[in-house]
Number of protein chains: 2
Amino acid sequence: MNTVLGKDDRCSVARSLEVLGEKWTLLIVRETFLGRSRFSEIQSSLGIAKDVLTNRLAGLVEHGVLERRTYREEGARERYEYALTPVGHDLAHVMAALSQWGDRYRPTEAGPSRVYIEVATGEPVSVGYTSADGRALSAAEVTVVPGPGA
Amino acid sequence: MNTVLGKDDRCSVARSLEVLGEKWTLLIVRETFLGRSRFSEIQSSLGIAKDVLTNRLAGLVEHGVLERRTYREEGARERYEYALTPVGHDLAHVMAALSQWGDRYRPTEAGPSRVYIEVATGEPVSVGYTSADGRALSAAEVTVVPGPGA
């Protein structure tokens, strides 16, 4: 079903978007970051059609972003819930980068509904680059060069 | 045409995806980061249908990510080229975060076609969090809390 878009199938952006690029997918990932795990919770929180949600969840499970578990409430039949795997948790920077760009360029008068802060200080944090030895780098200190798969 | 998906229209992730979330859009942005500016270059580099590319470019111009300029080659009619605005350039962290995730979890045997390095050292860099006073922070040092628009 999924194929890498564009002609460069070694491009890691394109390969990520093969998993994440369909409509709703990143918002479903957002819901799981917010702790919503049950199909019914995610469905009502997003207002997404059930068949679309079923399809997207299956794709995210297939690609190892979410894992599916069963649960059963008293007197009800078994149902599914979904949790981020370590692979899914590692999308945090993608979510944060999208959030930061939206904060800056797509603001609302009310301000953002969620903000990223440093636990120790409560101060807002930004998404940036980190050097191999752990220094924060500005965009001007970073460049993109052809890799081994170029 | 565009509407914020999901029920939280103050979510900056959803608001970013309103601009960026359609199929092909982020790959068109990638092409402009790689220095491809002309309609014909982007079209042949991606192998995208012309009407889809026209539509996506118009959306990116409308939202201030790209600016459209005219150019004319010797003996030819006027044509369009597209360049990243400062708003578009600020998508670098989104591209880098998607690239990093793809490098890790969607690798090819050949390795990635592009890599992010520190200009001064040539060492690979990662996408991370930066504190308000410029320190690199680990994911464990950052949390997401309700913002003013919650």
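This is a short talk on how the two chains of this model are built and how they meet.

Before anything else, please keep in mind that what you have in front of you is a predicted model, and that I will take one chain by itself before I turn to the pair.

Chain A contains 6 helices and 6 strands, and if you follow chain A from the N terminus, the elements come in the order α-α-α-α-β-β-α-α-β-β-β-β. The C-alpha trace of chain A spans about 60 × 40 × 30 Å along its principal axes.

Now to the pair. How is chain A laid on chain B? A turn of 180°, with a shift of 0.0 Å along the axis, lays chain A on chain B with an RMSD of 0.0 Å, and the two copies are thus related as by a two-fold rotation axis. If you would like a landmark for that axis, look at A136(A), whose C-alpha is the nearest to the axis in chain A, at 2.3 Å from it. The same surface serves both copies, since 100% of the contact residues of chain A recur in chain B.

As for the interface itself, 76 residues of chain A are in contact with 76 residues of chain B. On the side of chain A that touches chain B, the elements giving two or more residues are the helices α1, α2, α3 and α6 together with the strands β3, β4, β5 and β6 of chain A. Which of these elements gives the most to that side? The answer is α6(A), with 13 residues. Sorted by class, the residues of this side of chain A comprise 40 nonpolar, 21 polar and 15 charged.

Let me go next to the strands, where the two chains share a sheet. The sheet is open and has 4 strands, in the order β5(A)-β4(A)-β4(B)-β5(B), with antiparallel pairing, and its edge strands are β5 of chain A and β5 of chain B, each of which pairs on one side only. Between the chains, β4(A) and β4(B) pair in the antiparallel sense over 5 bridges, and within that pairing you can find S126(A) standing opposite T130(B) of β4(B). Within chain B, β4(B) and β5(B) pair in the antiparallel sense over 2 bridges, and the bridge partner of T130(B) in β5(B) is A136(B). On this sheet packs α6(A), which touches β4 of chain A together with β4 of chain B and whose direction makes about 125° with that of β4(A). Likewise, α6(B) packs on the sheet and touches β4 of chain A together with β4 of chain B, its direction making about 125° with that of β4(B).

The helix α6(B) also meets a helix of the other chain, for α1(A) and α6(B) pack with their axes 7 Å apart, at an angle of about 80°. Are these two helices roughly parallel or roughly perpendicular to each other? Given that angle, α1(A) and α6(B) are therefore roughly perpendicular. On the α1(A) side the contact is made by S12(A), V13(A), R15(A), S16(A) and L17(A), and on the α6(B) side by M95(B), L98(B), S99(B), W101(B), G102(B) and D103(B). By class, this contact of α1(A) with α6(B) has 5 nonpolar, 4 polar and 2 charged residues.

Finally, I would like to show you a packing of two helices that both belong to chain B. Helix α2 of chain B, residues 25-33, packs with helix α3 of chain B, residues 39-46, at an angle of about 120° and with their axes 11 Å apart, and α2(B) and α3(B) are therefore oblique to each other. The crossing in which α2(B) passes α3(B) is right-handed. L27(B), I28(B) and E31(B) of α2(B) make this contact with I42(B), S45(B) and L46(B) of α3(B), and the residues of the contact divide into 4 nonpolar, 1 polar and 1 charged.

Conventions:
Residues are numbered from 1 along each chain as its sequence is written. Chains are lettered from A and ligands numbered from 1 in the order in which they are written. This is a predicted model: local features need pLDDT of at least 70, side-chain atom pairs count only at pLDDT 80 or more; totals for chains, interfaces and linings use all residues. Axes are lines fitted to C-alpha atoms, for helices over the stretch in contact, and angles run from 0 to 180 degrees between N-to-C directions. Angles under 35 degrees count as roughly parallel, over 145 as roughly antiparallel, 65 to 115 as roughly perpendicular and the rest as oblique. A crossing is left-handed if the near helix is turned anticlockwise from the far one by less than a right angle, and right-handed if clockwise. Two residues are in contact if their C-beta atoms, placed from the backbone, lie within 7 Å. Ala, Val, Leu, Ile, Met, Phe, Trp, Tyr, Cys and Pro count as nonpolar, Asp, Glu, Lys and Arg as charged, and the others, Gly among them, as polar. Copies are superposed by least squares on the C-alpha atoms of residues with pLDDT of at least 70 in both. Two strands pair if DSSP finds at least two bridges between them.
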